[in-house]
Amino acid sequence: MKLLVPIDGSKASINALRKAIEIAKEYNFSITLLMVVEENHWGYERNQNFWHQVDGSIISVGVEHEVVSKLEERAAELLDAAASTYDFSGIDLEKMVITGEPSIEILDLAKKEGFDLIVMGNRGMSKLKRFFTGSVTQRVIAEAPCPVLSIHEDLK
């Protein structure tokens, strides 16, 4: 049995990780920790025209690649820190960093790898913000090929 645990460093995702460890130990699941690095998270897309005006595609491609590489390195470090902070004894653990749009990457991986359960955090956005921006957790719940356990940030 396989658990997919997307984490982003938020309190909700750490709570989800702790709950996933409990489930894995109780029911003999393996865990895949996933961090998705958003290429456009740092504002490249929003400023793409500016970068092209400065010096064509040389700067924009170089800057984008360098920033994404640094974000991927940092994500791998955060996964390593989570793996060393929590007790994964007796659990098969895999760590993955993927670049892309979080909900799409989570759903694609869940489908490709045949996960049995996704355990992820839910930050509890306001209704207004959720209406305009949506939620990664909501999208995953709506389209996942397996059950999704959503853990709120207030879980003790």
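# Briefing: a five-stranded parallel sheet and its helices

Strands β4 and β5 run parallel and are joined by 5 bridges. The model is predicted. The protein has 5 helices and 5 strands. Along the sequence they follow the pattern β-α-β-α-β-α-β-α-α-β. The strands form an open sheet with parallel pairing, in the order β3-β2-β1-β4-β5.

**The sheet as a whole**

- The sheet has 5 strands and is open. Its edges are β3, residues 93-99, and β5, residues 148-152. Each edge strand has a single partner, so one side of each is left without a neighbour in the sheet.
- From one strand to the next, the twist averages 25 degrees.
- In the strand order, β1 stands between β2 and β4.

**Pairings, strand by strand**

- β3 and β2: these pair in the parallel sense, over 7 bridges. Here V36 stands opposite I98 in β3.
- β2 and β1: strand β1 covers residues 2-6 and strand β2 covers residues 30-37. They run parallel, with 5 bridges between them. The bridge partner of L3 in β2 is I31. P6 stands opposite L34, also in β2.
- β1 and β4: 2 bridges link this parallel pair. L3 appears again here, opposite L117 in β4. L3 thus faces I31 on the β2 side and L117 on the β4 side.
- β4 and β5: this parallel pair has 5 bridges. N122 stands opposite H152 in β5.

**Helix α1 and the first crossover**

- Helix α1 spans residues 11-27. The helix lies across four strands: β1, β2, β4 and β5.
- Strand β4 is residues 117-122, and α1 runs at about 150 degrees to this strand.
- Together, β1, α1 and β2 make a β-α-β unit, and the unit is right-handed.
- N28 sits in the loop between α1 and β2. Phi of N28 is near 60 degrees, a positive value in a residue other than glycine. Most residues other than glycine have a negative phi. N28 is exposed, because its relative accessible area of 59% is over the 50% cut-off.

**What is covered, what is not**

- Of the 156 residues in the protein, 36% are buried.
- β2 is mostly covered, with 8 of its 8 residues buried. Its residues point two ways. S30, T32, L34 and V36 point one way, and I31, L33, M35 and V37 point the other. Both sets are buried.
- β4 is mostly covered too: 5 of its 6 residues are buried.
- L93, in strand β3, is partly exposed, because its relative accessible area of 33% falls between the 20% and 50% cut-offs.
- D80, in helix α2 (residues 48-85), has a relative accessible area of 40% and is partly exposed.

**Residues brought together**

- Contacts in the protein with a separation of 6 or more are mainly long-range in sequence: 76% of them join residues 24 or more positions apart.
- L93 contacts I31, L33, A83 and F88, leaving aside its neighbours within four places in sequence. Of these, I31 and L33 belong to the set that points one way from β2 along with M35 and V37.
- A83 lies 10 residues from L93 along the chain. Their C-alpha atoms are separated by 8.4 Å.
- D80 and K95 are 15 residues apart in sequence. C-alpha to C-alpha, they are 8.0 Å apart in space.

**Rings and charges**

- The charged end of K2 sits over the ring of F115. The distance to the ring centre is 4.9 Å.
- The structure holds 0 aromatic pairs.

**Where to look**

- Start with L3, which has partners in both β2 and β4.
- Move on to β2, with 8 of its 8 residues buried. The strand pairs with β1 over 5 bridges and with β3 over 7.
- Then find N28, in the loop between α1 and β2.
- Finish at L93 in strand β3, with its contacts to residues including I31 and A83.

Note on methods:
Residues numbered from 1 in each chain as written. Predicted model: local features only at pLDDT ≥ 70, side-chain atom pairs only at ≥ 80, totals over all residues. Heavy atoms only, no water. Pairing = 2+ DSSP bridges. Axes fitted to C-alpha atoms, helices over the stretch in contact; angles between N-to-C directions. Contact = heavy atoms within 4.5 Å. Phe/Tyr/Trp six-rings, centres within 6.5 Å; stacked < 30°, edge-to-face > 60°. Lys NZ or Arg CZ within 6 Å of the ring centre and 35° of its normal. Buried < 20%, exposed > 50% of the residue type's maximum accessible area, 1.4 Å probe, protein only. Right-handed = clockwise from strand over helix to strand, strands pointing away.
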